[in-house]
Amino acid sequence: MLNLAVKIAPLPIAQWIDDLVEWLTSLHAFFNFITSCIAGINGAIQWLFDVVPIPLMIVLVPALTWLLLRKKGLHLSLIIFEVAGLLLIWNLGYWRDMTQTVALVLTASAIALVLGIPLGVWMAKSDLVQAIVKPVLDFMQTMPAFVYLIPAVALFGIGTVPGVISALIFAMPPVVRMTNLGIREVPADLIEAADAYGSTAWQKLIKVQLPLARKSVMAGVNQTMMLALSMVVTASMIGAMGLGEKVYFAVGRNDAGNGFTAGLAIVIIAIILDRITQATSNHKEV
Amino acid sequence: MQKIEARNLTKIFGGHVKQVREMLAAGKSKKEILRATGATIGVRDANFSVEDGEIFVIMGLSGSGKSTLIRMLNRLIEPTSGSVLLDGEDIAKLGRDALLRVRREKIAMVFQNFALFPNRTVLANAAYGLEVRGEKPEVRNARAQKALNRVGLEGYENEYPHQLSGGMQQRVGLARALASDADVLLMDEAFSALDPLNRKDMQDELLELQAELHKTIVFISHDLNEALRIGDHIMIMDDGAIVQCGTPEDILTHPATEYVARFIEDVDRTRVITAGSVMTRAYTVNIDSDGPYVAMRRMRANQVSTLLVVNADRQLLGMIDARDTMKLIDEHRNDVQRLDSIVQTDVPTTTPSTPLNQLLAQFAQTALPIAVLDEHERLRGVVIRGAVFAAMARREVPSNA
């Protein structure tokens, strides 16, 4: 009975996906538009990194950290680590690669937040939407990331943009999930209080639900950024420039030393991004 | 004047409304209906009215439907059927915008677990209702500040709720309700989460505020002592239905059902029953017209050893006893007309509205009957020890006052 599975011809799922991708590629105008949007955002961030002199940047990053975290228990060690880490990256000659990597991560994360937070809100408001979106998110996260590279190239060409897209798909689920969770966890009596005083649905969202879900949303933002960063090496296989590219080349040339230094630079960036986003979510007073 | 009137207000949770109605009409119990349809009856056919400016307490055990009922008054829970008239307007039929307006301007609510917004300061919490209705920041902050001052929270406006004690948090909840300047306050077990001392303070404060503001307050409680203390009327619910509605004394003296009787069993009656309802007739002499012979005759006739002395307006002057009166007669024989020389002025007194628990304290210091005087110092009656104990033991309260 069960061996019926091998008796019938294999289901043509692969063919269906091929057909779908082929059909999608026929929508040139649409994908070109998206490509230029993403390239525009990425370019703007990259331009910002390029115009600011490196020494100034090494001062600005700790300054920004201090500004964001001064009220939330800032550790001096983080400031010291940032200065030392950035100096090391400069010294190793990875500065531009580093900025390219950060630009990719920030672009992907920014788009993930812009799309993911409203989607999370929608999920929280409707059980039906939650029932549909949840498995899609599981799928997005568990499908091996390499698989996204193939249609990404077909639709968006080679370079940073398909890198951003594949990072986006891989990194968006946490912020959607955590926004949904955060809003659903707002205590029922606070929702009742907001309703009892005549809040509209929008006022309730802006004044009560999102502020109270903030901690959870920020934890999602943190995870999203980390996942986006974890995609940079993978994305370099389709031509995304940056530290990932250096690692990928080192693997190709069996160059352990340079592979390690580029990897170390990624670790430094990861720690800086993680600590900043994590600290903003560990808000004391709420 | 009636402020709120509920007519046939019903809430059935879980659908099957038609079938549930038929089963209700057939007299089936809540349990049978749940088993047959899976539907729960929150409230069934509630009819009651709340007077303008009164504190109306809804009581019942948990699961009796009181929380559901109060939430139907501002439609946090949609009634299945029936109507709620607020100033003659049916809340149950309002459209979305009209309902928002009612919630913003006419009905405010105070919650059991305070339901303060943890991300907002005390001031911003108190101003919430004004904020959502679109008042300018200066206006809403000034009014929120006024409400906070009123509940004794000056100086705490920039704190966050979690920095305050439970009692203070509920004051913020009360200030939030007062700031919106609604006529109607819904208070859902507002003081139940507080410790007993705090609860009593808050009850006192609510009564003080009420004396000044004359809001219409619907107050949910499961604590009968609280209900008796603050309620002008009390409505008792059981299993979603109203079993009795009346004044505190009504409920205590004439419980409608076995359920109510059990409910009031543990109540501290000395807090509710007043001197006015246990006092008996006072035996008196009029100092201007009665002399010692009249006094003696009256004592013998009524078999008492003391008489209260009043003037022509029945204002209390003091007391005489049999021994002094006899002595006065023996010493002066026929030439004495007045009793002034033997009047003792240290007579214990009280007012008709004094609860028995305070009288007990007085009885601890004197064996004499306590004279009950009205606001014009006129004698209305006396309370004797025996009557107090009889009332406490729930025997028929003497009513020949």
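**View 1. Thr349(B) sits across from Ala371(B) of strand S15(B).** This pair belongs to a predicted model, where local features need pLDDT of at least 70, side-chain atom pairs count only at pLDDT 80 or more, and totals for chains, interfaces and linings use all residues. For bookkeeping, residues are numbered from 1 along each chain as its sequence is written, chains are lettered from A and ligands numbered from 1 in the order in which they are written, and side-chain values use heavy atoms, with hydrogens and water left out. S14(B) pairs with S15 (residues 370–373) of chain B in the parallel sense, over two bridges. (Strands here are DSSP runs of E with at least two residues, helices are runs of H or I with at least four, and both are numbered from the N terminus; two strands pair if DSSP finds at least two bridges between them.) Zoom out a little and there's an open sheet of three strands in chain B, ordered S14-S15-S16, with mixed pairing. S14 (349–350) and S16 (379–383) of chain B are the edge strands with a single partner strand each, so one side of each has no neighbour in the sheet.

**View 2. Strand S1 (residues 2–13) of chain B runs antiparallel to S2 (residues 40–51) of chain B.** Eight bridges hook these two up, and one to look for is Phe13(B) with its partner Thr40(B) in S2(B). S1(B) also pairs with S4 (residues 81–86) of chain B, again in the antiparallel sense, this time over five bridges. There, Thr10(B) has Ser81(B) as its bridge partner.

**View 3. Helices H10 (residues 188–196) and H11 (residues 201–230) of chain A cross at roughly 165 degrees.** Their axes come within 10 Å; axes are lines fitted to C-alpha atoms, for helices over the stretch in contact, with angles from 0 to 180 degrees between N-to-C directions. H10(A) and H11(A) are therefore roughly antiparallel (a label for angles over 145 degrees). On the H10(A) side, Leu190(A), Ile191(A), Ala194(A) and Asp195(A) meet Lys204(A), Val208(A), Gln209(A) and Leu212(A) of H11(A), contact being heavy atoms within 4.5 Å.

**View 4. Thr325(B) is tucked into helix H15 (residues 322–332) of chain B.** At 0% relative accessibility, Thr325(B) counts as buried, meaning under 20% relative accessible area with a 1.4 Å probe and protein chains only. Skipping neighbours within four places in sequence, Thr325(B) is in contact with Pro292(B), Ala295(B), Met296(B), Met299(B), Ile320(B) and Ile342(B).

Notes. Angles under 35 degrees count as roughly parallel, over 145 as roughly antiparallel, 65 to 115 as roughly perpendicular and the rest as oblique. Buried means under 20% relative accessible area, exposed over 50%, partly exposed in between (1.4 Å probe, protein chains only).
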